[in-house]
Structure formats: C-alpha cells, structure tokens
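Welcome! Here is a short briefing to read alongside the structure. Please keep the 3D view open as you go through the points.

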Amino acid sequence: MLKPKGFSTRIIHTPYAKDDVNRALHQPIYSNSAFDFESAEQMELAFQGRIPVHAYSRITNPTVENLELRIKQITGSLNVTALSSGMAAISNVILLLASTGSNIIASHHLFGNTYVFFESTIKDFGIETRFCDLTNSEEVRAKIDNKTVAVFVETITNPQLEVVDLAELSRVAHECNVPLIADSTLTPPNVFNAKSFGVDIDVISSTKCISGGATSVGGLIVDYGTFDWSKSPKLASLSKRFGPFAFNYKLRREIFRNLGACMSPFAAYLQSLGLETLQLRFEKAANNCRELAEFLETLPEVKAVNYPGKEGSKFYEISKKQFGEYPGAMLTFDFESREACFTFINRLELIKRATNVYDNKSLILHPASTIYCDFDAQKRKAIDVSDLSIRLSLGIEDPEDLKNDILQALA
Ligand SMILES: *Cc1c(COP(=O)(O)O)cnc(C)c1O
C-alpha cells in the first residue's frame with residue numbers, strides 16, 4: 001500500500017487501530033466507560049496488558065487512541081498519551097520521574113501555571129526546582145547533580161519569547177545522564193521535529209493549536225524512546241525488562257492511570273478534527289504574526305516589537321534552525337506606559353481581550369496585570385515580565401483587518 005509522506009496526509013489517513021464496523025470516515029465518539037469481554041481468560045489477558053483491547057475509558061478509549069495514533073504518525077515517536085490538559089501532561093511526567101529529594105532544572109521563563117507547579121506544588125513534596133539560564137550550558141551543567149531527574153524547557157517561552165539551542169541543551173543533559181523534557185506547545189509538530197533536536201519527552205498543550213482553535217482542553221505526552229532509562233532512578237529497574245518502553249510502562253500502568261487525568265472521548269474527537277487542519281491554520285497564523293510584527297515596527301507609538309522571526313532578534317538564527325519559516329504565532333510589543341497599554345487594549349474591536357493562545361481568533365492581553373498579577377514587581381522583573389508589554393497571539397483572520405483594528409485603536 002502507498003505510504004503517504006506529507007504531514008497533513010499522514011494525519012488524515014492514519015489507519016484506525018481496528019476497522020470500524022460501519023466503515024465510518026471519522027473515528028466515532030466512544031462515549032462509554034467500560035467494554036465487554038468474551039471470556040474470563042480474555043479479561044485476564046487484557047488486565048495484564050497482553051492483548052490490545054479496551055477495558056475502561058480512564059485507561060484507554062478508541063476515540064482517544066485514534067488521536068494518539070495520529071500524533072505518533074507525525075512525530076515519529078514510540079508512544080503517545082493524551083490527557084485532560086497540558087498541565088496534566090506536565091504534572092504526569094514530573095511525578096513519574098521525580099521523588100522526594102530529586103531536583104529539576106528549568107528556566108524562570110515558563111508558562112505561568114508551570115512555573116507555580118515547579119516553584120510551589122512539587123516543592124511541598126520535597127522536589128526542588130533549580131532555576132537557571134538554559135541558554136547558558138555551563139550554568140546548566142553546574143546545576144545538575146546526581147539527584148537531577150530532568151531538564152525542562154519550553155521551545156519558545158511565553159511571554160519572553162526566548163529560544164534555547166535545544167541540541168546543545170540536550171547534549172549537556174545527556175552527558176549528565178538526564179533526560180530533556182520540552183514543552184513544544186508554541187511550535188507544533190508541523191514546524192518542529194523535537195526528536196531531531198534531542199528532546200526525549202515532549203509535552204504539548206493540545207488546547208492550543210491542535211484542538212482546531214480552542215475547541216477543547218487537552219494535553220499530550222510524546223515519548224521518543226531516545227533516553228536510556230537505566231540512568232533514571234525511578235525507571236532503572238523497569239528498564240531492565242522494558243528498555244526504551246520503561247517510561248511508557250510506568251506512565252500507562254501507574255502514574256497516568258492513578259492520577260486519572262484522562263482525555264474525554266469528545267475532546268479527542270474535536271482535537272482529531274483540529275489536527276487535520278493544523279498545518280493550514282498554523283502556517284496562516286504564523287504568517288500573520290510575521291506580517292503584524294513588520295507592521296507594528298512601523299508605528300511610532302510602538303516602542304519595541306519582540307518576535308523571534310525578526311531579523312535582529314537575538315534568537316533569529318536559532319529559531320530558523322529549529323522552527324524554519326514559522327517561529328510561532330505570538331509576539332509581544334511595548335508602549336511607553338502601562339496606561340497606554342490599557343487604553344490600546346480597551347479600544348480594540350476585532351482582536352479579543354482574552355487569555356489562551358493559538359485560537360483561530362487573534363487574542364491580546366497585558367501579561368503583567370493578568371497571568372502574573374500574583375507576582376510582585378520585583379519578581380516580575382526577575383522573570384522578565386514587563387509592565388510595558390502586550391502579548392498578541394495571532395489567529396487566522398485576514399491580516400488587513402487586524403492592522404485596521406490596531407490603527408483604529410491608536411487613532
Ligand atoms: C497553555 C499552555 C500550557 C498549559 O496547557 P493547558 O492545556 O491549559 O493545561 C502549558 N504550556 C504552554 C506553553 C501553554 O501555552
């Protein structure tokens with residue numbers, strides 16, 4: 001049979017795990033909890049994980065499995081697990097690898113909830129996060145010790161839009177026998193091949209681009225099978241039996257199952273549909289981002305534009321190497337005062353005042369007064385969140401309309 005190579009073709013023509021009895025062209029929504037068995041023997045084999053059947057939808061479900069298979073197709077990964085949210089993906093990975101006394105290496109430049117998860121939630125369980133500058137290999141190396149279980153990085157940080165040289169970070173992590181975990185939400189798999197830059201485990205908030213433009217909340221854990229788990233304290237003994245599958249075994253047979261943050265079949269259905277148009281939508285949004293970055297630069301009221309795809313950005317070269325022509329669909333820009341930011345945001349008519357990113361609609365917010373409102377001014381400064389900055393996530397509207405909205409808000 002013809003083996004499709006193109007990104008969108010592979011998504012759209014990923015075969016079902018089992019033929020549908022009605023030959024439905026979309027994987028139906030299996031919105032049930034449990035599945036019937038033919039015999040006690042079959043049930044025993046299923047519970048042992050020795051036959052590929054479904055038993056209970058918190059553990060596996062055909063609609064969710066279809067989404068997982070599609071993601072596996074396009075990422076070239078060994079295993080994919082879909083979860084209820086991006087935060088569920090992150091917390092499952094960290095709770096799988098870490099125990100009391102472990103530490104994690106991460107930057108201060110993190111999605112707000114991830115930052116608080118690292119800084120507070122897991123700290124209460126005796127897991128330390130060593131914050132450092134991930135663009136500085138020597139600093140990373142110096143922070144790693146024999147209790148380090150992961151280096152965690154976002155491919156484009158939000159809202160600073162910092163881009164780390166991932167191949168270099170991976171090299172340092174691997175030399176120290178530590179896996180590299182990346183959150184690649186802002187650079188979806190059509191533009192970023194995580195495996196080829198040395199990422200071992202990828203976490204994605206599929207709420208964003210994959211969902212089809214904010215149709216539902218979801219998360220993905222993508223396991224590339226690249227790390228030698230005999231070097232990971234909690235997986236060392238499992239790795240003797242399961243080799244590269246040790247991570248997935250622990251995840252599926254313990255952590256994911258027991259934490260219970262599974263994706264609902266309905267969300268999986270929406271996200272499978274969204275995935276089919278990911279490439280089209282993302283390229284459009286990313287092109288809008290480039291066009292709007294150029295446009296904003298021409299406006300005298302705008303004091304600075306931050307976008308890694310801009311020549312002159314200190315992350316331009318590395319972004320191009322890692323994400324090609326499409327270094328994200330989000331930018332930030334500065335006005336001369338916080339008041340000017342608020343006035344501008346209030347006057348917009350088309351661009352929505354909303355949190356979230358990678359909706360089909362363009363969304364705007366002032367990070368310092370919203371996502372980071374619980375942080376005092378000193379702390380915001382430490383993590384490079386400026387009072388003068390506005391974050392704009394580009395949708396797939398026609399760029400002229402977005403420009404006109406900006407012009408009328410400034411008038
Ligand atoms: C939104 C987001 C998350 C969290 O995802 P949810 O699906 O909202 O839980 C994590 N990381 C990044 C970079 C995000 O943008």
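A polar contact here is a pair of N or O atoms within 3.5 Å. With that in mind, the side chain of lysine 208 has an N or O atom 2.8 Å from an oxygen atom of the ligand. Please note that this is a predicted model. The points below start at the ligand, then move on to the open and closed spaces, and end with some single residues.

**Around the ligand**

- Besides lysine 208, the side chain of serine 205 brings an N or O atom to 2.8 Å from an oxygen atom of the ligand.
- Glycine 86 takes part through its backbone, where a polar atom sits 2.8 Å from a ligand oxygen atom.
- On its own the ligand would expose 380 Å², and the protein buries 90% of that area.
- The residues around the ligand are Ser85, Gly86, Met87, Phe111, Asp183, Thr185, Ser205, Thr207, Lys208, Val217 and Gly218.
- Sorted by class, this shell holds three nonpolar, six polar and two charged residues.

**The largest pocket**

- The largest pocket has a volume of about 960 Å³.
- It is lined by 29 residues, and those closest to its centre are Gly49, Pro52, Thr60, Asn248 and Arg252.
- Four elements give two or more residues to this lining: helix 2 (40-47), helix 3, strand 1 (79-83) and helix 9.
- Which element gives the most to the lining of the largest pocket? That is helix 9, with five residues.
- The lining of the largest pocket divides into 15 nonpolar, seven polar and seven charged residues.

**Closed cavities**

- How many cavities of 30 Å³ or more does the structure hold? There are two cavities of that volume or more.
- The largest cavity has a volume of about 60 Å³.
- Lining the largest cavity are Cys209, Arg281, Phe282, Ala285, Ala329, Tyr358, Asp359, Asn360, Leu394 and Ile396.
- Seven of the residues in that lining are nonpolar, one is polar and two are charged.
- The second largest cavity contains about 50 Å³ of space.
- Its lining consists of Ser57, Arg58, Ile59, Thr60, Asn61, Val64, Glu68, Ala82, Arg252, Phe256, Cys262 and Met263.
- Helix 3 (62-75) and helix 9 (246-259) are the elements that give two or more residues to the lining of the second largest cavity.
- By class, the lining of the second largest cavity has six nonpolar, three polar and three charged residues.
- Thr60 and Arg252 are worth finding in the view, as they line the second largest cavity and are also among the residues closest to the centre of the largest pocket.

**Two serines in loops**

- Serine 362 is found in the loop that runs between strand 10 (352-353) and strand 11 (363-365).
- Is serine 362 buried or exposed? Serine 362 counts as buried because its relative accessibility is 0%.
- A polar atom of the serine 362 side chain lies 2.9 Å from the backbone nitrogen of glycine 395.
- Serine 386 belongs to the loop between helix 14 (377-382) and strand 12 (389-393).
- With a relative accessibility of 29%, serine 386 counts as partly exposed.
- The side chain of serine 386 has a polar atom 2.9 Å from the backbone nitrogen of leucine 388.
- Serine 386 and asparagine 193 are 193 residues apart in sequence, and their C-alpha atoms are 31 Å apart in space.

**Backbone details to look for**

- Asparagine 158 and proline 159 are joined by a cis peptide bond, with omega at about 10 degrees.
- Proline 159 is in the loop between strand 4 (148-154) and helix 7 (166-175).
- Leucine 161 lies in the loop between strand 4 and helix 7, and its phi is near 60 degrees, a positive value in a residue other than glycine.
- Leucine 161 counts as buried, at 0% relative accessibility.
- Arginine 23 also has a positive phi, near 55 degrees, and is a residue other than glycine.
- You can find arginine 23 in the loop between helix 1 (7-12) and helix 2.
- Is arginine 23 buried or exposed? Arginine 23 is exposed, since its relative accessible area is 75%.

Key. Residues are numbered from 1 along each chain as its sequence is written. This is a predicted model: local features need pLDDT of at least 70, side-chain atom pairs count only at pLDDT 80 or more; totals for chains, interfaces and linings use all residues. Side-chain values use heavy atoms; hydrogens and water are left out. Buried means under 20% relative accessible area, exposed over 50%, partly exposed in between (1.4 Å probe, protein chains only). A polar contact is a pair of N or O atoms within 3.5 Å; within protein, one must be able to donate a hydrogen and the other to accept it, and residues adjacent in sequence count only if both atoms are side-chain atoms. On a 1 Å grid over the protein atoms alone, a cavity is a set of points where a 1.4 Å probe fits but cannot get out, and a pocket is an open set with protein on both sides within 12 Å along at least five of seven lines; lining residues have an atom within 4 Å of a point. Grid points are joined across faces, edges and corners, and a volume is the space filled by probe spheres set on the points. Ala, Val, Leu, Ile, Met, Phe, Trp, Tyr, Cys and Pro count as nonpolar, Asp, Glu, Lys and Arg as charged, and the others, Gly among them, as polar. A residue is near a molecule or strand if one of its heavy atoms lies within 4 Å of it. Accessible areas come from the Shrake-Rupley method with a 1.4 Å probe; for residues, only the protein chains shown count as cover.
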